[in-house]
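Me: I would like to study a protein model step by step. Please show me the sequence and the structure before we begin.

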Amino acid sequence: QGSGRRSCFLQLRAMADAQSPMASGITAKVASLEDLASIQNEELNAQRQEIERLRAEQANIEQHFQAQLQDLKQSMLGDVQRMQEEVKKHFAEQKAENGRLLQQITTLKGEKTAMTIQISHLQRRLQKLEEHVGGT
């Protein structure tokens, strides 16, 4: 900004010099205008440098955010893969448990059928005993 104040001061001085009564000659006015053009050229170069600096800063910021985005993607991919593995593991465990339960159900059904047959035999035997005791 110090350069901006200097160039502003020099521009005002060059304009004043060009319009002053002492600068009556064309050569003095041309020299004053050349000074003014030089000062404006310096200011333009300073502004161009600032624009380039800002563009470089913007590129650095974009690179930083791209790197962060890439890190976030990698992290999320890892999380998703881990969760998929956990779900697969849970489904496998649930399938195994379902198989065990199905086997237990089959076993219990078989035991129930055997007990039903046994109860039926015992009822017939009881009936025969009751007939035998009642018939004597």
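Me: With which residue does Glu-85 form a salt bridge?

Reply: This is a predicted model, in which local features need pLDDT of at least 70 and side-chain atom pairs count only at pLDDT 80 or more, while totals for chains, interfaces and linings use all residues. Residues are numbered from 1 along each chain as its sequence is written, and side-chain values use heavy atoms, with hydrogens and water left out. A salt bridge is a side-chain nitrogen of Lys or Arg within 4 Å of a carboxyl oxygen of Asp or Glu. The closest N and O atoms are 4.0 Å apart, and the partner of Glu-85 is Lys-88.

Me: Why can such side chains pair?

Reply: Pairing is possible for side chains of opposite charge because their charged atoms can come close. In this case, Glu-85 and Lys-88 are three residues apart in helix H2, so they are separated by about one helical turn.

Me: Is Lys-88 buried or exposed?

Reply: Buried means under 20% relative accessible area, exposed over 50%, and partly exposed in between (1.4 Å probe, protein chains only). Lys-88 has a relative accessible area of 54%, so Lys-88 is exposed.

Me: Which residues do salt bridges with shared partners join into one network?

Reply: One pair to consider is Glu-50 and Arg-53, whose side chains meet in a salt bridge at 2.7 Å, N to O. Both lie in helix H2, three residues apart. Glu-50 is partly exposed at 33% relative accessibility, and Arg-53 is partly exposed at 42%. The network consists of Glu-50, Arg-53 and Glu-57.

Me: What is the N to O distance in the salt bridge of Arg-55 and Glu-52?

Reply: Arg-55 and Glu-52 are three residues apart in helix H2, about one helical turn. Arg-55 is exposed at 51% relative accessible area, whereas Glu-52 is partly exposed at 47%. Their side chains meet at an N to O distance of 3.2 Å.

Me: How many helices are there in the protein?

Reply: Helices (H or I, at least four residues) and strands (E, at least two) are DSSP runs, numbered from the N terminus. Helix H2 covers residues 26–135. The protein has zero strands, and the number of helices is two.

Me: What percentage of the residues of the protein count as buried?

Reply: The protein exposes about 12200 Å², using the Shrake-Rupley method with a 1.4 Å probe. Carbon and sulfur atoms supply 59% of that area. Of the 136 residues, the share that counts as buried is 7%.
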